[in-house]
Every structure is written in structure tokens, then in C-alpha cells.
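Hi there,

Here is the structure I promised to pass on. Have a look at it first, and then read on for what turned up when I went through it.

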Amino acid sequence: MNIVKVENVYVAYGPFIALEDVTWSIKKPLFLSVIGPNGAGKTTLLRVLLGLIKPFVGKVEVLGLDPSKKALKLRRRIGYVPQRERIDPAALVLVKDVVLMGRLPKKKPIAFFTKEDVEKAREALKLVDMDNFWDKPFSHLSGGQQQRVLIARAIASQPEILLLDEPLAGVDIASEGRILQALKNLVSEGVTVVIVTHNLNPSLKLSDEVILLNRKVVAAGPPQKVLNEETLTKTFMREMKILRLEKEKVIVEG
Amino acid sequence: MGTFNFFLYSFLINALIATLLTSLTTSAVGVFVVQKKMSTMGAAVAHSSLAGAILALLLKINPLLGAFILSILFSFLISYIGKKEEGRMDVMLGLVFGLSTALAVLFLSLTSTYSVSAWQYIIGDVLSVTIDEINILLTLTFTTLLLITLLFKGFKFIVFDEETAEAMGLRTDLLRYTLTMIVAIVTVISLKVVGSILTIILLVAPAASAYEFSHSFEKAVILAELFALTSGLTGLIASIYLNVSASAITGIIAVFTYFLSYIFSTKRRKCKCIVKQIRVIKEKTL
């Protein structure tokens, strides 16, 4: 069974086509980066997988379920990290409140947290190196720290698939490394990690596969096969160059 | 004289209980209203409950029942529009606010003579609360506080990050409709006590004051309760001694408390400390 299967998907917002004939699949747990410029349909693709948007043409299957028909059942098996800009940084929540939210979807509407919930939440915080911040107000954290807490919340839900929307936006280099390593560790535990980003370089080293997206899938596959100046230029619609820095590829605007 | 004292005493007890119930419910819900930036919605629902109360007076049924039905209808309408037209919520709320007020004015104009009863629901008249109304308020308060307690964690999630709550499989529609329904119930509770115009102050001011000293929802709710109880009881006592409207005094005290909270905010004080530290460092380097 495919973990994700997307076939000939088209999505439109009014007259604007956001995704056009998108086809790809994930067969085993891996680290996948969906890369493309702003407005390429990356967030839309995540929303399609979550069943928040129904494509007007095409077939989507996630964990063997149709997201538009079995939305609630499916979403409870998926962890989601939104763009941090959408969250009020001064909200009245403590770090533990945020991480424990990840435990709520699997419970009934009238819910009480058990010892196990607290343990799982603490473990998730430890994975992103934030376990010392359990009782701290969320508003006291830096942008990078807040991002790590949001990732811990998704991890605490014990997802089979983790979807992250621009998780590295506004994050410093030190936090970037910690976040990516924590995500990579999850893959080895059998979790499929899909990150959506317009910033190519940070996640490339750890990605098992890459999708270059600009409304259409420009290229998909392992980074060493897919990433070349032609595909990148086609994706970002401007000249892109690949430099080599101590055996590592660095992508820059041409 | 003895009979007079008995009546005066029972009026005061009713007023006291009504003030306590209103303060408890408005402040607890107010924390969610303020954090979810729903205060305009609260005002719109408060005006729809006024329209319902006046319509009920026209139809000669219990005004609180009329207020309850119309405010629930309007709160569901706002919740539905809010989901469908998320980007245009501001405009939609303006329209719904206008519609509920227009309906209230229309029903008021249909009353044959100047209606003292209707006026009670516009500006509140806590001293005229009857024992039957106290029983209704008690039931509604119990329902409201029970729902808030049971769904507290879910409400906290949708207020903090509704997008993720929905994406991770929480029943956000159910929670949002329940929260707006609670706002509607609270406007009914406070209708006779502070009136439709001043309900918004009790929803917003204690919660906004509590925000200045809190970092968690739990602490904010407790502080908002304390601020609301203080404003409500002080307003009631002051109104008796000064022979002025209790709702007006309560509203003024609640807003004044907010200004004091803003000045003495522990959150802002920290900011001032940081500014001071930066200034000291700058002076040293110069």
C-alpha cells in the first residue's frame, strides 16, 4: 500500500489554477522536501493531503484513505505544523499547553490528560531539545524556539505522516540544524516527513526525495538525480546555479 | 415598614445574585472572546439578544426566551459566515451587527407606547431582576460554566491555532459553534443586569485586564473572574448609595480597572526593565 498516492490532481481557487496534473507517490517512510517559489501550490498540496481542499479532478489516497471522505479519521493519523506567522506569538499559553494540544485529536471532545499524555508530550519536547521549557510561557520564546515547540506538538500526536509548512522560515541556523535532525530521526522510527519550503539548501542534505513544484511537478525523485540547473531554473522561473562547496551542493540564484 | 424592608432586601439579594452570575460567566467566556478577537461578534450577538427580548415583549412571551432564541440564531449565523468568508469576517460582522441592531430598533418602534420594559434590556436594570429570572440565570450559568470546564482544552486549541486543530482532526466546527453558543447564552444572562449596550464591556474589560497579568488561559480566567466580580459588586453598591445606574457604574469601573491593569501590567513592566537595561549598556559603551 502506498503511504501517499496523488494522481492527476487539479485544484483551482476560482479562475486561478493552483495545482495542475500533479502525480506522485510515497511508498515507504522517507524525508521528502517539496520545493518551489511562493504561489507554487505547496501549501495547497498539503491541504489536499489533509482533505481540507478537494481537487476538482484527480484521485488522492493517504494511508489507504480518501482524505475528502474519511477526513477526521485520516487527520488523526497525521501531524501538522503550520506556518508560524499564522500564530499569535503573545498567546496565553505555556509550552506544555501547546505540546499537550497534540494529544487532543485522538481523544473524545470532553478530554482529560493522562500520565501517558504528559510523558509523550515531554518526550516530544526532548526530541526538539526544548524539554527545559515545559513550564515557560510560549510568548517568552524566540521564533526558532516557538517553531520547535510547534513541531513537538505534532510529534506528540504520534503521527504516521508529519506535514510541515515552511518549518524553517525565520529560524536561525542553529535551530535549523536541530529541527532537521529531529525530523530525520523520526523517519528512522517509521514516520513519513513531508516539508514544504521555498528555501532549498537547508533540507537538501537530509532529504531522501525532492519534489520541485510550480503548480505542476517539474521533477521528482532523489535530490542527486533531480536537482540540476535546468530543473531549478524551470521551477523558480529565474536562472539558478549550483555551486560545489567542499563536496556539497549549494544552490544560488544565477 | 417591615414589609418594605423585606421587599428591598429581596430586591438586593436578587440583584446581588444576578451580578455574581453575570460576572462569573461573562469574564470566563470573555477570555476566549478577547483571545480569539471575537469582541465585535460579542457585541453583535448582544444586540441580537436585545432584538429577541423586545420581540418577545411584543409577542407577550418571556423576554429572556426571545433573547435566547434570537441570540443563538445570530451566533450560529456568524459562526457559519466566519467559516465560509474567513477573509471578509470584518465586513460580515459589521453587517450582522447592523442587522441585529436594526431589528432591535424595528421591534422597539412597533411597541405601541414608550416601553419601560424594553428600556431595561437596553441599559440594564439589575434591581428589577425577579426570582423567576434568577432561576433562569442560574440554569444558564450552570450550563455555561459546565460547557467551558468540559471543553476548556478544545477551546484553548481552537483559540490558539484553529488551522492546526482542524488539520489534526479536532472537531473544530463543533467547538466553534459551541463557543459562539456560549457567547449567546452569556449575552442573555447579562441582558437584564447590564443591558445589551454594556454587555460588551463585561465580556472584554475583565478579560483584557487579566491578560496584562497572565501567561496562561487558566490564570487569565481566574483573574478575569476576580476583576469582573469586583467591578460588578462595587458598581452595585455604588449605584445604591449614589442612586445612579448600576450597569453604567459597573462598566466605568471595569474599563477603569483595565486602564490601571495596563499601567501596572507585569508584562509591560518587564519590557520597561529591558529598555532600561539596554539604556544602561548603551551608556556604558559610550
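Let me start in chain A, where β5(A) and β6(A) pair in the parallel sense over four bridges. Please keep in mind that this is a predicted model. Within that pairing, Val81(A) has Leu164(A) of β6(A) as its bridge partner. The side chains of β5(A) alternate: Ile78(A) and Tyr80(A) point one way, Gly79(A) and Val81(A) point the other way, and all are buried.

These two strands belong to an open, mixed sheet of six, in the order β5-β6-β7-β3-β8-β9 of chain A. The edges are taken by β5 (78–81) and β9 (216–221) of chain A; each has a single partner strand, so one side of each has no neighbour in the sheet. On average, neighbouring strands here are turned by 15° against each other, direction ignored. Moving inward from the β5 edge, β6 (161–165) and β7 (192–197) of chain A are parallel as well, with five bridges between them. One of these links Ile161(A) with Thr192(A) in β7(A).

Two helices of chain A are worth a look against this sheet. Helix α1 (42–49) of chain A lies across β3, β5, β6, β7 and β8 of that chain, at about 150° to β6(A). Helix α9 (229–236) of chain A packs on the sheet too, where it touches β3, β8 and β9 of chain A and makes an angle of about 40° with the direction of β8(A).

Chain A has another open sheet, of three strands, in the order β2-β1-β4 with antiparallel pairing. Here β2 (16–26) and β4 (57–62) of chain A are at the edges with a single partner strand each, so again one side of each lacks a neighbour in the sheet. The average turn between neighbouring strands of this sheet is 25°, direction ignored. Strand β1 (4–13) of chain A is joined to β2(A) by seven bridges, and Val6(A) stands opposite Trp24(A) in β2(A). You will meet α1(A) again at this sheet: α1(A) lies across β1, β2 and β4 of chain A, running at about 60° to β2(A).

Before leaving chain A, have a look at Ile179(A), which sits in helix α6 (173–188) of that chain. Ile179(A) counts as buried, with a relative accessibility of 1%. Setting aside residues within four places in sequence, its contacts are Gln147(A), Arg148(A), Ile151(A), Pro167(A), Leu168(A) and Val171(A).

Now to chain B, which has eleven helices and zero strands. Of its 286 residues, 51% are buried. Among contacts in chain B with a separation of 6 or more, 76% are between residues 24 or more positions apart.

The helix I would open first is α8 (172–211) of chain B. How far apart are the end C-alpha atoms of this 40-residue helix? They are only 24 Å apart, short of the 58 Å that a straight helix would reach at 1.5 Å a residue. There is a bend of about 110° in α8(B) at Val194(B). As 31 of its 40 residues are buried, α8(B) is largely enclosed by the rest of the structure.

Two buried residues elsewhere in chain B are also worth finding. Ser75(B), in helix α3 (63–84) of chain B, is buried with a relative accessible area of 0%. Beyond its neighbours within four places in sequence, Ser75(B) is in contact with Met41(B), Val45(B), Thr180(B), Met181(B) and Ala184(B). Thr22(B) lies in helix α1 (2–35) of chain B and is buried as well, at 1%. Leaving out neighbours within four places in sequence, Thr22(B) is in contact with Ile189(B), Ser190(B), Val193(B) and Leu202(B).

Finally, the nonpolar cores. The largest has 113 residues, and Leu162(A), Leu183(A) and Val193(A) have the most contacts inside it. Its largest share, 17 residues, comes from α8(B). As for Leu183(A), its contacts more than four places away in sequence are Phe31(A), Ile151(A), Leu162(A), Leu164(A), Val193(A) and Ile195(A). Another core, of 34 residues, lies apart from this one and includes Ile26(A), Leu30(A), Leu52(A) and Ile211(A).

Happy browsing, and all the best!

Terms used
Residues are numbered from 1 along each chain as its sequence is written. Chains are lettered from A and ligands numbered from 1 in the order in which they are written. This is a predicted model: local features need pLDDT of at least 70, side-chain atom pairs count only at pLDDT 80 or more; totals for chains, interfaces and linings use all residues. Side-chain values use heavy atoms; hydrogens and water are left out. The expected span of a helix is 1.5 Å times one less than its number of residues. The bend at a residue is the angle between axes fitted to the seven residues ending there and the seven starting there. Buried means under 20% relative accessible area, exposed over 50%, partly exposed in between (1.4 Å probe, protein chains only). A nonpolar core is a set of buried Ala, Val, Leu, Ile, Met, Phe, Trp, Tyr and Cys residues joined through side-chain atoms within 4.5 Å. Contact means heavy atoms within 4.5 Å. Two strands pair if DSSP finds at least two bridges between them. Axes are lines fitted to C-alpha atoms, for helices over the stretch in contact, and angles run from 0 to 180 degrees between N-to-C directions.
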